[in-house]
Amino acid sequence: MNLGITRRVLPAFHERLRDELTFPLSWGRSATRDFPAWRAEARAAVGESLLQPLTPGPEPFGPVTLDERPAGTYTARTVEFALSRYGRTRGSLLMPRGSGPFPAVLVLHDHGGEFGIGREKVVRPRSDPERLAPAEAWADRYYDGRFIGDELAARGYAVLAVDTLGWGDRGPLVHEDQQALAANLLQLGTSLAGLAAHEDIRAAAFLASLPEVDERRVGALGFSMGAYRAWQLSALSDGVRAAAAVCWMTGLKELTAPGGNALRGQSAYFMLHPGLHRRLDIPDVASLAAPKPALFHAGGRDHLFTAAGVESAYAALRAVWESQGAGDRLTTRVWPDTGHTFTSAMQAEVYAWLDVRLAGRGAADMTRGRGAPPGGAPPPPPPAAGGGGRAGVRA
């Protein structure tokens with residue numbers, strides 16, 4: 001009997017461990033059949049694994065504008081605010097010109113093993129020209145040369161991007177030190193993934209608090225690790241009304257199959273909540289966002305996620321949305337000839353989807369094209385609670 005280690009540092013008995021994962025708290029298996037009650041129960045279970053609060057917290061944001069520059073039809077600001085009870089951070093805030101209130105998107109940056117830039121991967125750096133060249137190279141590599149935050153701002157959205165711990169102004173982290181950072185946070189009673197999730201909840205609440213923003217029309221968008229963060233945020237925060245996730249969705253068992261990228265460790269710590277998968281699979285957590293609008297795109301040639309894992313996760317998601325009579329609010333698509341990238345064609349579909357689901361623009365409005373400000377939103381759900389209240393960004 002082999003009780004040791006097999007390839008990719010899996011234990012030799014990894015299959016038996018996977019067989020024990022039955023995800024008893026998933027919507028399809030839970031004894032709780034009232035959906036709101038199930039969601040509250042499952043969300044509380046996620047909260048236990050986060051080792052961080054699921055709410056934004058009462059701490060005031062205390063925002064200050066550090067830099068402000070015109071950028072075509074919008075204004076680019078560097079803002080500083082209290083990202084958590086532990087300290088302040090800087091963010092890139094793009095605000096359309098006009099009186100508002102505007103729909104808004106929290107744009108969440110990817111991982112990619114590149115820590116020198118974070119928010120600059122999705123918003124063009126203007127106040128730090130030294131980061132422009134690496135940011136443009138990153139945009140060329142993964143985003144067809146576009147800064148998706150700027151693209152959204154040109155369409156009339158308020159946009160916020162903030163560095164995750166270890167990136168940009170909050171780093172830079174060295175790739176091989178991710179494990180040490182995660183271990184040290186666990187020693188201190190919290191987790192790297194849980195801290196990142198809580199900070200995303202706070203960032204979304206800060207964006208919703210701005211006087212120029214319509215707090216009833218705040219969404220999230222991300223690619224790769226940013227996609228994981230986007231659907232997770234929608235699952236955990238009632239204040240996020242819609243989320244678009246590109247190139248991050250699968251089932252846990254497919255993610256941990258021999259040869260999988262996640263088994264290399266390191267980057268997995270930003271998406272690893274202790275004990276969570278004893279009760280919920282990955283798409284089960286994402287399903288906590290139902291019946292809110294959600295979009296998931298995947299690349300058919302994405303080497304990080306198997307086709308089987310993507311399709312099984314999509315089926316699980318669809319079962320939940322359809323059980324709530326909201327199948328039309330869930331969009332899933334696999335781009336067969338696309339790898340791990342967020343192409344301009346994919347972006348066009350995501351922006352059109354956001355225009356309808358978040359900004360409330362109809363097909364006729366969308367024909368006006370890029371740069372046309374979004375119109376009125378559909379009747380909004382009740383506003384989310386907490387987060388320090390609505391605040392300006394002037395000192």
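**Helix α2 and selected loop residues in a predicted model**

Helix α2, residues 35-50, has 16 residues, and at 1.5 Å a residue these should span 22 Å; the end C-alpha atoms are 22 Å apart, so the expected and modelled spans agree. The model is a predicted one, and α2 is a handy place to begin a tour of it.

At the N-terminal end, α2 is capped by Asp34, which places a side-chain oxygen 3.0 Å from the backbone nitrogen of Ala37. Along the helix, the buried residues are Phe35, Trp38, Ala42, Arg43, Ala45, Val46, Gly47, Ser49 and Leu50. An α-helix has 3.6 residues a turn, so residues three or four places apart point the same way. The partners of the buried residues of α2 are themselves helices: α6 (192-209), α7 (225-236), α9 and α10 (307-323).

Just past the end of α2 comes Leu51, with a positive phi of about 60°. Such a value is found here in a residue other than glycine. Leu51 belongs to the loop between α2 and β1 (64-71), and it counts as partly exposed because its relative accessible area is 37%. On the other side of the helix, the loop between α1 (14-19) and α2 holds Phe23. Phe23 also has a positive phi, near 50°, and is likewise not a glycine. With a relative accessible area of 5%, however, Phe23 falls under the 20% cut-off and is therefore buried.

Two cis peptide bonds deserve a mention, each leading into a proline. One runs from Gly100 to Pro101, with omega near 0°; Pro101 sits in the loop between β3 (87-96) and β4 (102-108). Another joins Ala290 and Pro291, where omega is about 5°, and Pro291 is placed in the loop between α9 and β8.

That loop, between α9 (282-286) and β8 (294-299), also contains Lys292. What is the nearest side chain of opposite charge to this buried lysine? It is Asp238, at a distance of 5.0 Å, and Lys292 has no salt bridge. The cut-off for a salt bridge is 4 Å between a side-chain nitrogen of Lys or Arg and a carboxyl oxygen of Asp or Glu, so a separation of 5.0 Å does not qualify. A polar atom of the Lys292 side chain does lie 2.9 Å from the backbone oxygen of Ser237. Leaving aside residues up to four places away in sequence, Lys292 touches Ser234, Ser237, Asp238, Val240, Arg241, Trp321 and Arg329.

A further loop residue, His175, is located between β5 (158-162) and α5 (178-187). Its relative accessible area of 38% lies between the 20% and 50% cut-offs, which means that His175 is partly exposed. His175 and Gln266 are 91 residues apart in sequence, yet their C-alpha atoms are 7.2 Å apart in space. Gln266 is also among the residues that His175 touches, along with Gly113 and Phe115, when residues up to four places away in sequence are not counted.

Turning to the chain as a whole, the secondary structure comes to 12 helices and 9 strands. Of the 395 residues, 54% are buried. Among contacts with a separation of 6 or more, 74% are between residues 24 or more positions apart. The protein chain exposes about 16000 Å², of which carbon and sulfur atoms supply 53%.

Notes:
Residues numbered from 1 in each chain as written. Predicted model: local features only at pLDDT ≥ 70, side-chain atom pairs only at ≥ 80, totals over all residues. Heavy atoms only, no water. Helix = DSSP H or I, 4+ residues; strand = E, 2+ residues; numbered from the N terminus. Buried < 20%, exposed > 50% of the residue type's maximum accessible area, 1.4 Å probe, protein only. Lys, Arg positive; Asp, Glu negative; His and termini not counted. Polar contact = N/O pair within 3.5 Å; in protein donor to acceptor, adjacent residues only side chain to side chain. Contact = heavy atoms within 4.5 Å. Expected span 1.5 Å × (residues − 1). Areas by Shrake-Rupley, 256 points an atom, 1.4 Å probe, with all protein chains shown as cover.
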